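Subject: Structure handover

Hello,

Please find the structure below. My notes on it follow.

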Amino acid sequence: PEEDRRQRTFMCFGMEILMNLDVQTTRRFFNTFFKLPTELWGGFLSWRISSLGLLGIGLSIFQTAPNQLRYDFIRQALPFIPTFVQNFATAGNQFNSKAWAGIMEIAGSLFESSKAENNFEKKGGLAGDNPTKGPIRSSSLDFMNLVQKHQQEKLSLK
């Protein structure tokens, strides 16, 4: 159905943006996302929000986001907007995960320096070694310390 395709388009668009954010920006995004009313983020995560409701959630996040997150989000979203608008408006099912719907690749080396960076590939991701080839048996991180530090930071913000 058209509604399902619009929801899928929204989810693909959002995922393309999130996959290109660095760790700090991703954290800022999720901090902003979970500050929304529970019925909004809960509805989003359970797919109970209509496609127009999803647009509303996107606008709510943008309105409440810190300026740096807005800038980072727009910068990462621009290459995927043509495909998003086309598929959302027509309930199409041709979401193109290539930046600028592949136009940059077609243009070739003329625009080589303008290609959108893909942090996932640049930092190892699919282009590098798979960090999960073997089991992870230990970590140098002290998770209890991290949780306590996070709780203290939250309390100091109140």
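**Asn-20 and the largest pocket**

The side chain of Asn-20 makes a polar contact with the backbone oxygen of Glu-16 at 2.9 Å (N or O atoms within 3.5 Å, where one must be able to donate a hydrogen and the other to accept it; residues adjacent in sequence count only if both atoms are side-chain atoms). This is a predicted model, in which local features need pLDDT of at least 70 and side-chain atom pairs pLDDT 80 or more, while totals for chains, interfaces and linings use all residues. Residues are numbered from 1 along each chain as its sequence is written, and side-chain values use heavy atoms, without hydrogens and water.

Asn-20 sits in the loop between helix H1 (2-19) and helix H2 (23-33) (helices are DSSP runs of H or I, at least four residues, numbered from the N terminus). Asn-20 counts as buried because its relative accessibility is 8% (buried means under 20% relative accessible area with a 1.4 Å probe, protein chains only).

Glu-16 is among the buried residues of H1, as are Phe-10 and Phe-13. The buried residues of H1 pack against H3, H4, H5 and H6 (contact: heavy atoms within 4.5 Å).

The largest pocket holds about 710 Å³ of space (1 Å grid over the protein atoms alone; an open set of points with protein on both sides within 12 Å along at least five of seven lines; lining residues have an atom within 4 Å of a point). Its lining has 27 residues, and those closest to the centre are Phe-10, Phe-13, Gly-14, Gly-58 and Phe-73. H1 gives the most to this lining, with 7 residues.

Regards

Conventions
Helices (H or I, at least four residues) and strands (E, at least two) are DSSP runs, numbered from the N terminus. Buried means under 20% relative accessible area, exposed over 50%, partly exposed in between (1.4 Å probe, protein chains only). On a 1 Å grid over the protein atoms alone, a cavity is a set of points where a 1.4 Å probe fits but cannot get out, and a pocket is an open set with protein on both sides within 12 Å along at least five of seven lines; lining residues have an atom within 4 Å of a point. Grid points are joined across faces, edges and corners, and a volume is the space filled by probe spheres set on the points.
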